[in-house]
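Let's take a friendly walk through this model, from a buried helix to the meeting of two chains and on to the surface. Keep the 3D view open as you read.

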Amino acid sequence: MRRANLVIPIVLGLVSVVAWHDTSSYPGSMIPGVPGGAAFPRALAVSLFVLATLLLVGALRRDGEPETHVGWKGVGKNSALLGMLVLFVLLGSVWDFYVLLYVIVAGTMGIMGERSKRALLGLPILFVAFVYVVFHRVFGVDFPSAYP
Amino acid sequence: MWDHLTLGFGLALTFQNLAIIVAGTILGVFVGAMPGLTPSIGLAIAVPFTFALEPIPAILMMVALYMAAEYGGSITAIAVGIPGTPAAMTTTFDGWPMCKKGQAGKALGVSIVSSTVGGVFGTLVLMVAFGPIASFSLTFGPAEYFALGVFGLSIVGNLVGESLVKGFISVILGLLFFVVGLDVLGGYPRLTFGTTALLDGVNLIPAMIGLFAISEVFKLVESSGDVAPRKAARISGSYLTWGETKGLVPTMLRSSVIGTIVGAVPGAGATVASLISWNTAKRISKTPEKFGTGIIEGVSASETANNASVGGAMIPLLTLGVPGSGSTAVMLGGLMVHGVNPGPLLVIENPELVYAVYAGLLLSAGAMLVVGLLGIPIWVRIITMPTRWLAPMILGISLVGAYALGNSMSDVGMATFFGVLGYVMVRFGFPLVPAVLALVLGFMVETNYRRALALSGGDHTTFVTSPISLVLLTLAVLSFAIPVVKNHIAPAVTLGPDPRTLGTGEASSAQGVDSTEP
């Protein structure tokens, strides 16, 4: 956690620099005396830079803290979940939405430790059926589907 | 006012709307009762369900869910000893000890009655306050709205979270995300980095679904396997008597006032309301030592206040268009999706909606009483549902809801992105509510700033020549300055050695807190 307390302010500082840099391409205001579209994001960029600096200074002053244990198992589970979500987003419009939804619900249950085959099979099917009935039939939402 | 209420009831008392209120109440109690789910998450998940509804049924569902969720947290707080919502934390102080003494039934009875009284009181205050505040806010111009937005964000950044700096960083991040997209006044892209997908800006509802619901799923996945399954205590024992209920009237009235007032302050919300109410009840009690050991006054003080805060939080939302909490921020997003813009013109443009909200809140309190009383044995079983079943369903509904908004996977992608961002923020101590409120209030702040300057010909004194604007901006500065002075500057001013440390060799840190975190 100590390293994160040093890295995060640096990342935030970089975000503020990138935001400031992007504003350099904005046109000026058409109305004299009125700030253009660059003023607000620039003010935000400066504020973020100042706050990130305060955070970094605070973290450096607390540098005597012991390193916090990182739960790598949790990181692994979340990485797996994130991977599934990315695939869901990429494939959602080209594959069957309901199948992908089943996979993501069952997959998340599996990541979280569900081992019962009945639960892994039954609960996601019930859930997908609920989505089909409520969102598609009742609310009229059209999900991408392999079936007509 | 009674004419308005009659009209509101006339709109709300249809079979469809009553069914929606009951459905929202059941969903709200469930959301509130499940640890890890908050009213904000419940509302973020429920908003997609309202897309197919007209504005009035949609808002009836949202207010019913909000009201019921604040009560629902007490079920787990009492039966399991774990608060279902942050606001129910205070309920555990006396609710769980009562359960351990075999008085769970009484505690749950106190909770539902007190929640209903608080909910009704908060609604009545909303009905009385709406007119005067809305009339007053009709005098607001761009400068005043800019100052109001800044004030709201300064309070939220201050009150929410463990650190002032992190709270304000959260606000700035929310405002930066608001900037993404086409400039409203200039029409050119900002912070899109050449991506056409970002030209429409950040879509509010998927962002909220991601920040509140999907980030929570990441947290639950991370901790899965580390937390023992919940076991609820057997609900038995005596129930609340009529005499005990009458004895709680002073507590309920006082807590209702506290809850409503605190609920109206942006960023304060139900958690602060219930804590202040419990502490106040303890301080003025003739037997303060009994608080925390399992007494009905303790449960009542907490639960009355957190439900009264619902009406309080609706006051700035409906009159000024300024959400007072994460939950009302999601409601604001939900209303905007339906083309309704809360604010002083609401009663002029959509008067029936305002009256329907009054009736909806009162009917929700009634529905909550019935659902709460009849459903206690069911809720106690449901809260033991394994998290490994609950989290995937929350994720699934979040993804479906994000897609249903615009039939687009890019909204799902946006919800996923904000889910990851929200998880990272929470993991490293950055609160989410300020970011969400900033995303919502960003338009009010920037657009009115530029409009005010356009009207004044670029003269910045327009923000201080208006008394309302001057007061609000001064309060905003003070809300930032006071914690900085209190935590950093005041402790550094030493008044001499502390007599307690003389001759002991102890450091002079006894004189003040050497905190490096504001």
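**A walk through the two chains**

In H5(B), the buried residues (under 20% relative accessible area, with a 1.4 Å probe and protein chains only) are B:Thr90, B:Thr91, B:Thr92, B:Asp94, B:Gly95, B:Pro97, B:Met98 and B:Cys99. Helices here are DSSP runs of H or I with at least four residues, numbered from the N terminus. The cover over these buried residues includes helix H4 (55-79), helix H6 (104-137), helix H12 (269-284) and helix H13 (296-320) of chain B.

Before going on, a word on the ground rules: this is a predicted model, in which local features need pLDDT of at least 70 and side-chain atom pairs count only at pLDDT 80 or more, while totals for chains, interfaces and linings use all residues. Residues are numbered from 1 along each chain as its sequence is written, chains are lettered from A and ligands numbered from 1 in the order in which they are written, and side-chain values use heavy atoms, with hydrogens and water left out.

How far should the 12 residues of helix H5 (residues 89-100) of chain B span? At 1.5 Å times one less than the number of residues, the expected span is 16 Å, and the end C-alpha atoms lie 17 Å apart, which agrees. After H5(B) comes B:Gly102, with a positive phi near 85°.

Helix H6 of chain B, one of the covering helices, also holds B:Val120. This valine has 28% relative accessibility, so it counts as partly exposed (the range between buried and exposed, the latter being over 50%). B:Val120 and B:Ala308 are 188 residues apart in sequence, yet their C-alpha atoms are 7.3 Å apart in space. Leaving aside residues up to four places away in sequence, B:Val120 touches B:Leu362 and B:Ala365 (contact means heavy atoms within 4.5 Å).

Now zoom out to both chains. In the interface, 58 residues of chain B are in contact with 60 residues of chain A. Together the chains bury about 5300 Å², counted as the accessible area (1.4 Å probe) lost on being put together, summed over both; 79% of it is on carbon and sulfur atoms. The rule finds one salt bridge across this interface, where a salt bridge is a side-chain nitrogen of Lys or Arg within 4 Å of a carboxyl oxygen of Asp or Glu. The side chains of A:Glu114 and B:Arg388 meet in a salt bridge, at 2.6 Å from N to O.

Finally, turn to helix H2 of chain A, where A:Val50 lies. With a relative accessible area of 45%, A:Val50 is partly exposed.

Methods: Helices (H or I, at least four residues) and strands (E, at least two) are DSSP runs, numbered from the N terminus. Buried area is the accessible area (1.4 Å probe) that two parts lose on being put together, summed over both.
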